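Work through the exercises below with the structure in view. Try each task before you read its solution.

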2 protein chains.
Amino acid sequence: MERIELSPFQVARETLEVMLKTGLLMVTVDEKGKPNAMTIGWGFIGYIWTKPVFIVAVRPSRYTYTLVEKTGDFTVNVPVKGMEKAVELCGTVSGRDVDKFKECNFTPIASKYVKAPIIGECAIGFECRAMYKQDLISEALTKEVVSLCYPKGDYHRLYFGEILRVTAYRNYRELIL
Amino acid sequence: MERIELSPFQVARETLEVMLKTGLLMVTVDEKGKPNAMTIGWGFIGYIWTKPVFIVAVRPSRYTYTLVEKTGDFTVNVPVKGMEKAVELCGTVSGRDVDKFKECNFTPIASKYVKAPIIGECAIGFECRAMYKQDLISEALTKEVVSLCYPKGDYHRLYFGEILRVTAYRNYRELIL
């Protein structure tokens, strides 16, 4: 199926709403080009330093953290109806133990600008190059957030990924969750 | 004119597109309740720590910085067609010298959850309470960004504002720039 190119903010609403409902799939690759997917429920779309940017939050304990630190890029993919189980799996097992692309029958499609591929089964894909990163500062977080989200002190690193390209299936609206 | 309440991401696309085209108006208040507006061209809409969040970037030299540091809240307003000159003014003069609400004939409308009012002339308004803040780290920025955006070393502070309420005029689509 043919994918069309979209402007960075065109699908901001759909992307954020699916993120909230079921999660998005963040894809990274290892040195050999083997892709890995992780479910993300937190993230931001916006603009800074004259660039459209997708901010993702990754805990240092994650395999995705190791990969994005090495390659400096990632994609964010918006799943479609019927992918609920795959999204759940990608949020519960680690790419260190399981080949999630194989397990989920994901088809990697080569990105145009980054090493990480997009997922062929997903409706929308953002190609992002990490242009800035920053660790969250525990002292600036509220006590509620610390006890709710960081009981183990595993604070997220924020990656600001310049959005280099957004592609989607023409009928993405009908496809998404 | 009656304002309706929207879900946080419903107008993400429109808000980001107007931000890119002409800018949005960030409103803060001083201790006496006097409001000030500053044009912002950079920002993010997303979700983190189980909350919808609007991230804004403010330089320490700005009057807005002094105010948001004191009150801890702000609103983000999406201007309408015909407000181009006001948006330009609010991006060039300081609230220390000029009463921008008076100068621009802005009507402050009381927010429901924060001290900063929304601008009655704007199509959409986000009520935000700063729940986290973090200064940009110069060493993590690229040389291009530093020379393009920070020649004076005036690095932004990012404010993560929990979006407590979004209101808009029913016909916001027709009104916006």
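**Exercise 1: an enclosed strand**

Strand β6 (residues 73-78) of chain B is largely enclosed by the rest of the structure, because 6 of its 6 residues are buried. Buried means that 20 or more other C-beta atoms lie within 10 Å of the residue's own; exposed means 12 or fewer, partly exposed is in between, and C-beta atoms are placed from the backbone. Strands (E, at least two residues) and helices (H or I, at least four) are DSSP runs, numbered from the N terminus.

Before going on, note the conventions. This is a predicted model: local features need pLDDT of at least 70, side-chain atom pairs count only at pLDDT 80 or more, and totals for chains, interfaces and linings use all residues. Residues are numbered from 1 along each chain as its sequence is written, and chains are lettered from A and ligands numbered from 1 in the order in which they are written.

Task: find which residues cover each face of β6(B), and which strands pair with β6(B).

Solution.
- Step 1. Take the faces. B:Asp73, B:Thr75 and B:Asn77 are buried on one side, and B:Phe74, B:Val76 and B:Val78 are buried on the other.
- Step 2. Look for partners. Two strands pair if DSSP finds at least two bridges between them. Strand β2 (residues 24-29) of chain B joins β6(B) through 3 bridges, antiparallel. There, B:Val27 has B:Thr75 as its bridge partner.
- Step 3. Find the other pairing. β9(B) and β6(B) are antiparallel, with 6 bridges. B:Asp73 is opposite B:Arg129 of β9(B).

**Exercise 2: a hairpin and its turn**

Task: trace the pairing of β5(B), and say whether A:Trp49 and A:Thr50 are buried or exposed.

Solution.
- Step 1. Start with β5(B). It is largely enclosed by the rest of the structure, because 7 of its 8 residues are buried.
- Step 2. Follow the hairpin. β4(B) and β5(B) are antiparallel, with 6 bridges. B:Gly46 is bridged to B:Val53 of β5(B). The hairpin leaves 2 residues between the strands, and B:Trp49 in the turn has a positive phi of about 55°.
- Step 3. Go to the other pairing. β5(B) also runs antiparallel to strand β10 (residues 157-169) of chain B, over 6 bridges. B:Val56 is opposite B:Tyr159 of β10(B).
- Step 4. Turn to chain A. A:Trp49 sits in the loop between β4 and β5 (51-58) of chain A. Its phi is near 55°, positive although the residue is not glycine. A:Trp49 counts as buried, because 21 C-beta neighbours are inside 10 Å.
- Step 5. Check A:Thr50. This residue lies in the loop between β4 and β5 of chain A. Its phi is near 65°, again positive in a residue other than glycine. A:Thr50 is exposed, with 12 other C-beta atoms within 10 Å.

**Exercise 3: the core**

Task: find which residues touch the most other members of the largest nonpolar core.

Solution.
- Step 1. Define the core. A nonpolar core is a set of buried Ala, Val, Leu, Ile, Met, Phe, Trp, Tyr and Cys residues joined through C-beta atoms within 7 Å.
- Step 2. Name the residues. The largest core has 121 residues, and those touching the most other members are A:Met26, A:Ile45, A:Val56, B:Met26, B:Ile45 and B:Val56.
- Step 3. Take B:Val56. Two residues are in contact if their C-beta atoms, placed from the backbone, lie within 7 Å. Beyond its neighbours within four places in sequence, the contacts of B:Val56 include B:Met26, B:Phe74, B:Val76 and B:Tyr159.

**Exercise 4: two chains together**

Task: describe how chain B meets chain A, and how the two copies are related.

Solution.
- Step 1. Count. 28 residues of chain B touch 28 residues of chain A. Elements giving two or more residues to this side of chain B include α1 (12-21), β4 (43-48) and α5 (143-149).
- Step 2. Look across. Strand β4 (residues 43-48) of chain A runs antiparallel to β4(B), with 5 bridges. A:Gly43 is opposite B:Tyr47.
- Step 3. Check α1(B). 8 of its 10 residues are buried. These pack against α1 and β4 of chain A, and against β2, β4, β6 and β9 of chain B.
- Step 4. Superpose. A rotation of 180° with 0.0 Å of shift along its axis brings chain B onto chain A (RMSD 0.0 Å). The two copies are therefore related as by a two-fold rotation axis. The fit is by least squares on the C-alpha atoms of residues with pLDDT of at least 70 in both.
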